[in-house]
Amino acid sequence: MTSSSDRADTRRITSNIFKGSLGNLIEWYDWYVYAAFAVYFSSQFFPKGDATSQLLNTAAVFAIGFLMRPIGSLLLGRYADRHGRRAALTLSVTIMAGGSLVIAVTPNYETIGVFAPIILVLARLLQGLSLGGEYGTSATYLSEMAASGRRGFYSSFQYVTLISGQLLALGVQIILQQILPEEAMMAWGWRIPFIIGAFGAVAVLWLRRSMDESEQYTKMESKNKEKAGTLRELMKHPKAVLAVVGLTLGGTIAFNTYTTYLQKFMVITVGMPKEVVSWINFTALLVFVILQPLAGMLSDRIGRRPLLIGFGVLGTLWTVPMFLLLEQTTSPYVAFLLMLSGLIIVTGYTSINAIVKAEMFPTAIRALGVGFPYGVTVAIFGGTAEFIALWFKSIGNESLFYYYVAACIAISLLVYWRMDESSKNSKIEAELNTAKD
């Protein structure tokens, strides 16, 4: 029978995870609004040209934002390890709010010329800095706050809220598409979602101030706090750092390809209407959200490694056929099923990648260890996925991108195959057991 103290602990854990996750949702909403509305505002920030070249420019700015993520994960990861998870999460959402507001109010290219894309780049740099710090700190906070034996389930909510942020961006897009003509969307309607994101971030800023600090962080010994969040301390764990890079490589490329790029692929390659593509994306991602906690719970029962291997094998074998079939389809239903197949496969990575990484590092460098090698890998590979895809298309060899994605997943599969089961060698559990002794 569950005692009142156990129920109180469950409510406290749930409350804190909700607060941390809601902030994560708003941050990712702000990030994905850029990708969702790029088809509308690309002509506003760059000189006139064909649609592919303008999208290529916005994709390049998208990639530039990713380049700031390692810096954000380094600075805010160090901050989280030295000053607390709550303080770092509050700071990251403040920076994101500023970036969104700048994009919302920046005049177009015809008004201020070259300053328009310059300001856009600066705003995306701010957002990249924020998101880089958010990932590692959020993954650490959710993993440390979760109850033992349910860490896979609770930490899966990082991608639940990450994808929910993308869903929210798509939902806002669908609503605006219904009430505004395309001319209005391209002229000024695209600014509305950025304004929503800025005000949403301010609301989350207030909410995060009431979160509890992670108990593992507050109980960390003073001698560990002195060296917390340093690169020197991180380099004492080279195997874990390389493992994060290896397991992230295929996952980040697959995730960004199956979600962000597929929206543009269906419009400019398959030739489907933007409104239809928005509904396909929204519905597929809604199913994807539901799968995350289910897969997280499964990992608590059978381990993390089987899910990662499943993603590696299926992603390697299915990516190329999926794109080739999608090229030929004219049916929105077939397109939905093909997109959903990719999302089901990548769930083996997305649902548990946060907890796998968190279990590899001690408390003193957990936020930095989770975030920094991840941020570097995402910047190099995840952030450039869309740009590489559009570049291959611009030179008439788009299908080479399909093989590129499959090859990167195959490399990560080798890492999954050789890595230890993180749930059985968890440094989170080891530190808790040591503290009890």
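Tutor: Rings of Phe, Tyr and Trp (for Trp, the six-membered ring) count as a pair if their centres lie within 6.5 Å. Keep in mind that the model in front of us is predicted. Ring pairs here link Y261, F265, F323, F401, Y402 and Y404 into a cluster.

Student: How many aromatic pairs does that rule give?

Tutor: The count comes to 19 aromatic pairs. Take Y159 and F255, whose ring centres are 5.3 Å apart with 85° between the planes, an edge-to-face pair. Y159 belongs to helix α8 (residues 157-179) and F255 to helix α14 (residues 238-268). The two are 96 residues apart, so this pair links distant parts of the chain.

Student: Are Y159 and F255 buried or exposed?

Tutor: The cut-off for buried is under 20% relative accessible area. Y159 has 3% relative accessibility, so Y159 counts as buried. F255 is buried too, because its relative accessibility is 3%.

Student: Why is the pair of W279 and F282 called edge-to-face?

Tutor: Planes over 60 degrees apart earn that label. The planes of W279 and F282 stand at 75°, with the ring centres 6.2 Å apart, so the pair is edge-to-face. In sequence, W279 and F282 are three residues apart in helix α15 (residues 274-302), which means about one helical turn separates them. W279 is partly exposed, at a relative accessible area of 45%, and F282 is partly exposed as well, at 23%.

Student: Which charged residues lie over the face of a ring?

Tutor: For Arg, we look at where CZ sits relative to the ring. R124 lies over the face of Y34, 4.1 Å from the ring centre. R305 lies over the face of W417, at 5.8 Å from the ring centre.

Student: Let's try a small polar residue. Where is S155?

Tutor: Look in helix α7, which covers residues 151-155. S155 has a relative accessibility of 2%, so this serine is buried. A polar atom of its side chain lies 3.4 Å from the backbone oxygen of G152.

Student: What does S155 touch?

Tutor: Leaving aside residues up to four places away in sequence, S155 touches L142, S143, A354 and I355.

Student: Now the empty space. How many cavities of 30 Å³ or more are there?

Tutor: A cavity is closed to the probe, whereas a pocket is open. This structure holds three cavities of 30 Å³ or more, and the largest has a volume of about 70 Å³. Our earlier pair, Y159 and F255, is part of its lining, together with W28, Y32, F66, R69, L162, T252, N256, Y374 and V378.

Student: Which elements supply at least two residues of that lining?

Tutor: They are α1 (4-45), α8, α14 and α19 (366-382). Helix α14 gives the most, with three residues.

Student: And what volume does the second largest pocket have?

Tutor: About 350 Å³. Of the 15 residues lining this pocket, K239, A240, A243, M360 and D420 are the closest to its centre. The elements that give two or more residues to the lining are α14 and α21 (399-418). Here again, look at α14: the largest share of the lining of the second largest pocket, four residues, comes from this helix.

Technical notes. Residues are numbered from 1 along each chain as its sequence is written. This is a predicted model: local features need pLDDT of at least 70, side-chain atom pairs count only at pLDDT 80 or more; totals for chains, interfaces and linings use all residues. Side-chain values use heavy atoms; hydrogens and water are left out. Rings of Phe, Tyr and Trp (its six-membered ring) pair if their centres lie within 6.5 Å; planes under 30 degrees apart count as stacked, over 60 as edge-to-face and the rest as tilted. Buried means under 20% relative accessible area, exposed over 50%, partly exposed in between (1.4 Å probe, protein chains only). A charge sits over a ring if NZ of Lys or CZ of Arg is within 6 Å of the ring centre and within 35 degrees of the ring normal. A polar contact is a pair of N or O atoms within 3.5 Å; within protein, one must be able to donate a hydrogen and the other to accept it, and residues adjacent in sequence count only if both atoms are side-chain atoms. Contact means heavy atoms within 4.5 Å. On a 1 Å grid over the protein atoms alone, a cavity is a set of points where a 1.4 Å probe fits but cannot get out, and a pocket is an open set with protein on both sides within 12 Å along at least five of seven lines; lining residues have an atom within 4 Å of a point. Grid points are joined across faces, edges and corners, and a volume is the space filled by probe spheres set on the points.
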